[in-house]
Amino acid sequence: MELSLFNILDVLGTVAFAISGALAAMNRRLDLFGIFIIAFVTAIGGGTLRDVLIGQTPVSWMEHIVYVYLIGVVTVLAIIFRNKLYYLKKSLFLFDTIGLGVFTITGVETGIQHNLDPIISIALGAMTGTFGGVIRDILCNEIPVIFRKEIYATACILGALAFVILHRLQVNTDLIYIITTLIVIGIRLVVVKYHISLPAFILHDKSED
Amino acid sequence: MELSLFNILDVLGTVAFAISGALAAMNRRLDLFGIFIIAFVTAIGGGTLRDVLIGQTPVSWMEHIVYVYLIGVVTVLAIIFRNKLYYLKKSLFLFDTIGLGVFTITGVETGIQHNLDPIISIALGAMTGTFGGVIRDILCNEIPVIFRKEIYATACILGALAFVILHRLQVNTDLIYIITTLIVIGIRLVVVKYHISLPAFILHDKSED
Amino acid sequence: MELSLFNILDVLGTVAFAISGALAAMNRRLDLFGIFIIAFVTAIGGGTLRDVLIGQTPVSWMEHIVYVYLIGVVTVLAIIFRNKLYYLKKSLFLFDTIGLGVFTITGVETGIQHNLDPIISIALGAMTGTFGGVIRDILCNEIPVIFRKEIYATACILGALAFVILHRLQVNTDLIYIITTLIVIGIRLVVVKYHISLPAFILHDKSED
């Protein structure tokens, strides 16, 4: 595995989602291996879905043992320093956001590398970014992140859109990675800080019950 | 993508499930992108599972951008005309039923095209037909459709069985598509109208608690 | 399909998980086809995930019709003799445990056969062993088995670890299968009998709410 910015981002997203998974699992009082498993599934979920949909198998974590070690080390650190992560919800939010930003971008890039249509690459990016968190929340019996009121999926769709546009403008790839990742993370930070949400659409249900 | 009846049915199922997903998402008060994502996942869920299990990757919606546009347009229309769809539950039921019927048949056909055993093709059809709705309901925190009292999976297994029998009898393919899709939809309509359900089996649990 | 111990174990795990799925579905008062579908998905879930991640498609149950017949027969028997399975929770636990032990080992073996790293083979084994039960519980709206207090995933990680070590020591393959399957099952039985659990890690959440 050569050391490109793509790989660095992939590793960063893996670490961030692993921490978010470990925190969620500790919050549910799972035991040691339960924590490791939730951390693992959260960290590899998005990338695994991306690889399976594309048909790039065995999926990437199977061919790069470094991910497994990394998740193991990060989980142990998250357990040891669990009470330094003072504010659980804030920590969970922060690491989830980093993972979201980074994985969205790796998903878009994978789509473009496979010559998929830009719109489809955006969809692949959104799925790659959100799937780990959704799986974590389903397994931990929480309301999935994509449901909470603040803009979530929207952030990653906008970041993915920026990626596709900058790619068309032939901006330097590494620069695109950094800008678009920061767009996703930035939108989430601003949106949650100021409780911004898109309007929902009211349904007047006239059914009997 | 040539325009065969198979493709027309696939498009019809996609549209129907997208509407059902958009309605379910609006009912949960998701924002614009949340609605789009649930519509998208519901519409492509069954076909994606089918393609992944068969090993036909990248999965079909990735190679046919038309699906993504279609889902986008349908979702916008569902939002605009949301209050014309007067009776939410009835509308949801109707579109879910059309999607179920159509996707069951595309699943069976895919199995037969890949020379899989007829029984396995029926199983593949049932999974393709039900998976989109199951995912929609899990994400929207509803009791999955396959659990509700009225006959659901049974309808699509019977339709798939009819498909396999008619195929053995070498009936014209397009005719098979239409008859079997109507069988699934017809069974669902009758069953829900008259509240028909198969008997459940009572378990006498003699455990302590 | 030649008759090796690997295949016998695979069949045994399929039968055990099918029974556990049928029991869980009857407990939820699903109708005949609902019971069959939950039995089916529980039985093939782990192996399907394993095959999809590895890229071995069409997945194995599609190429071996015997699995489908087996699940059908087992489900019918489970329904007929449902009230002989006196203690539902105990029966469910027993069959789930057998399935867990057997599928963990087939997952590790598949990883090793594909020349994957031992650590990754262990992860693949743990996923293969637990996925069927997790899917069953999610579909039946139960708390997933991996969350219950007693050691669960830990048992299958320890069994998988033993497999990898014995394989390095070049112990006879069939002997490895039997020993490691018994390790997983044995740990589960002892752990549940004596209510042994690993410590959870307490999080002091200092968030506002």
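In chain A, 73% of the contacts between residues at least 6 apart in sequence join residues at least 24 apart. The model is predicted. Chain A is built from eight helices and zero strands. Chain B and chain C meet in an interface that buries about 3,100 Å². Cis peptide bonds and positive phi values mark several loop positions, and they are listed below by chain.

**Chain A: overall make-up**

- From the N terminus on, the order of elements in chain A is α-α-α-α-α-α-α-α.
- Chain A has 209 residues, and buried residues make up 57% of them.

**Chain A: helix H7**

- Helix H7 of chain A covers residues 153-168, which is 16 residues.
- From first C-alpha to last, H7(A) reaches 23 Å. That is close to the 22 Å expected at 1.5 Å a residue.
- The buried residues of H7(A) include a run at its start: Ala153(A), Thr154(A), Ala155(A), Cys156(A) and Ile157(A).
- Further along H7(A), the buried residues include Gly159(A), Ala160(A), Ala162(A), Phe163(A), Val164(A) and Leu166(A).
- An α-helix has 3.6 residues a turn, so residues three or four places apart point the same way.
- Just after H7(A) comes Gln170(A), with a positive phi of about 55 degrees.

**Interface of chain B and chain C**

- How many residues of chain B are in contact with chain C? There are 31, and they touch 35 residues of chain C.
- The size of an interface is often given as the accessible area lost when the parts come together.
- Here the two chains bury about 3,100 Å² between them, and 73% of that area is on carbon and sulfur atoms.
- The rule finds zero salt bridges across the interface of chain B and chain C.
- It finds one residue pair in polar contact there, with both residues at pLDDT 80 or more.
- Which helices of chain B supply at least two residues each to the side that touches chain C? They are H2 (32-54), H6 (118-139) and H7 (153-168).
- H6(B) gives the largest share of that side, with seven residues.
- By class, the side of chain B that touches chain C has 21 nonpolar, four polar and six charged residues.

**Cis peptide bonds in chains B and C**

- Most residues other than glycine have a negative phi, and most peptide bonds are trans. The positions in this group and the next depart from one or other of these patterns.
- In chain B, a cis peptide bond joins Thr57(B) and Pro58(B), with omega about -10 degrees.
- Pro58(B) sits in the loop between H2 and helix H3 (60-63) of chain B.
- In chain C, the bond from Thr57(C) to Pro58(C) is cis, and its omega is near -10 degrees.
- Pro58(C) is in the loop between helix H2 (32-54) and helix H3 (60-63) of chain C.

**Positive phi in chain B**

- Arg29(B) is not a glycine, yet its phi is positive, near 60 degrees.
- The loop between helix H1 (5-27) and H2 of chain B holds Arg29(B).
- Is Arg29(B) buried or exposed? Its relative accessibility is 53%, so Arg29(B) counts as exposed.
- Asn115(B), also not a glycine, has a positive phi of about 60 degrees.
- Asn115(B) lies in the loop between helix H5 (88-113) and H6 of chain B.
- Asn115(B) counts as exposed because its relative accessibility is 71%.

Note on methods. Residues numbered from 1 in each chain as written. Chains lettered and ligands numbered in written order. Predicted model: local features only at pLDDT ≥ 70, side-chain atom pairs only at ≥ 80, totals over all residues. Heavy atoms only, no water. Contact = heavy atoms within 4.5 Å. Buried area = accessible area lost by both parts, 1.4 Å probe. Salt bridge = Lys/Arg side-chain N within 4 Å of Asp/Glu carboxyl O. Polar contact = N/O pair within 3.5 Å; in protein donor to acceptor, adjacent residues only side chain to side chain. Helix = DSSP H or I, 4+ residues; strand = E, 2+ residues; numbered from the N terminus. Nonpolar A, V, L, I, M, F, W, Y, C, P; charged D, E, K, R; others polar. Buried < 20%, exposed > 50% of the residue type's maximum accessible area, 1.4 Å probe, protein only. Expected span 1.5 Å × (residues − 1).
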